[in-house]
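Me: I am new to this structure and would like a close look at one part of it. Please start with the nonpolar surface and lead on from there in one connected answer.

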Amino acid sequence: MKNRWIALYVENDVGVLAKVSGLFSGKSYNLQSLTVGTTEDATVSRMTICVTSDDITFEQIKKQLNRMVEVIKVIDLTNVPIHMKEILFAKVKDIRSSQIEEVFRIAEVFSVQVADIGKDSVMLECKLTERRNNELIELLKSKFHNIEIVRGGAVAIEAISTSCR
């Protein structure tokens, strides 16, 4: 079992997201992440999906998605050079002024934005890889006691060159 990535081009119509996610729930496939957005063509959306599965199950998923009328194209991104980022907001709450400075240093090291600040809280806006976001979360948890994390799914696109992942 490993994480596998799929990009879907689908018709940008009401109910398509429900049909695609319904396929996963109906077959008891566990979605790790699903993001959707319109493309340069307003009639087409692109979904980036992460699913944890074995090889046989993953092949079944791709075949079932290809059979859906609303699906225009299925792209297996699992072993393809890609650029991938996910968005994450991290609130560090109930901290002293000396700890606020530490949050700013962490933000600088991770090259993330300070999105908001209050007298005892700082909010970070992160657009990093899943691994770097995980590392940031672990560091924040180890240093601060009151953390709130809101994490979006990853967005991925095939690389132009072959030196990415």
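Reply: Strands and helices here are runs assigned by DSSP, with at least two residues (E) for a strand and at least four (H or I) for a helix, numbered from the N terminus. Residues are numbered from 1 along each chain as its sequence is written, and side-chain values use heavy atoms, without hydrogens or water. This is a predicted model, in which local features need pLDDT of at least 70 and side-chain atom pairs pLDDT 80 or more, while totals for chains, interfaces and linings use all residues.

Let us begin at Ile117. Ile117 belongs to strand E6, which covers residues 113-117. Its relative accessibility is 46%, so Ile117 counts as partly exposed (buried is under 20% relative accessible area, exposed is over 50%, and partly exposed lies in between, with a 1.4 Å probe and protein chains only). Together with Phe104 and Val114, Ile117 makes a nonpolar surface patch of about 230 Å². Patch residues have over 30% relative accessible area and no salt bridge, with nonpolar side chains joined within 5 Å and like charges within 9 Å; the areas come from the Shrake-Rupley method with a 1.4 Å probe.

Just before E6 in the sequence, have a look at Ser111, in the loop between H3 and E6. Ser111 is not a glycine, yet its phi is positive, at about 55 degrees. With 65% relative accessibility, Ser111 is exposed. The loop between E5 and H3 holds Asp94, which also has a positive phi, near 55 degrees, without being a glycine. Asp94 is exposed too, at 54% relative accessible area.

From Asp94 we step into helix H3, where Ser97 is found. At 58% relative accessibility, Ser97 is exposed. Its C-alpha atom is separated by 42 Å from that of Thr52, which is 45 residues away along the chain.

What does H3 give to the interior? The largest share of the largest nonpolar core, 5 residues, comes from helix H3. Such a core is a set of buried Ala, Val, Leu, Ile, Met, Phe, Trp, Tyr and Cys residues joined through side-chain atoms within 4.5 Å. There are 18 residues in this one, and those touching the most other members are Ile95, Val103, Val112, Leu124, Cys126, Leu140 and Phe144. At least two core residues are supplied by each of strand E5 (82-92), helix H3 (97-110), strand E7 (122-128) and helix H4 (130-143).

Helices H3 and H4 are also linked by charge. Glu102 of H3 and Lys143 of H4 are 41 residues apart in sequence, and they form a salt bridge whose closest N and O atoms are 3.4 Å apart. A salt bridge is a side-chain nitrogen of Lys or Arg within 4 Å of a carboxyl oxygen of Asp or Glu. Glu102 is partly exposed at 23% relative accessibility, and Lys143 is partly exposed at 40%.

By this rule, how many salt bridges are there? The count comes to 12. One of them joins the side chains of Lys19 and Glu70, at 2.7 Å from N to O. Lys19 sits in helix H1 (residues 16-26) and Glu70 in the loop between helix H2 (55-67) and E4, so this pair ties together parts that are 51 residues apart in sequence. Lys19 is partly exposed, with 46% relative accessibility, whereas Glu70 is buried, with 13%.

Strand E4 takes part in another link. Asp76 makes a salt bridge with Lys62, with 3.0 Å between the closest N and O atoms. Asp76 lies in strand E4 and Lys62 in helix H2, 14 residues apart. Asp76 is partly exposed, at 26% relative accessibility, while Lys62 is buried, with a relative accessible area of 14%.

Finally, E4 brings us to some strand pairing (two strands pair if DSSP finds at least two bridges between them). Strand E4 (residues 71-76) runs antiparallel to E1, and 5 bridges join them. Val10 has Val71 as its bridge partner in E4. Strand E1 (residues 2-11) is also joined to strand E3 (residues 44-53), by 10 bridges and again antiparallel. There, Lys2 has Ser53 as its partner in E3.
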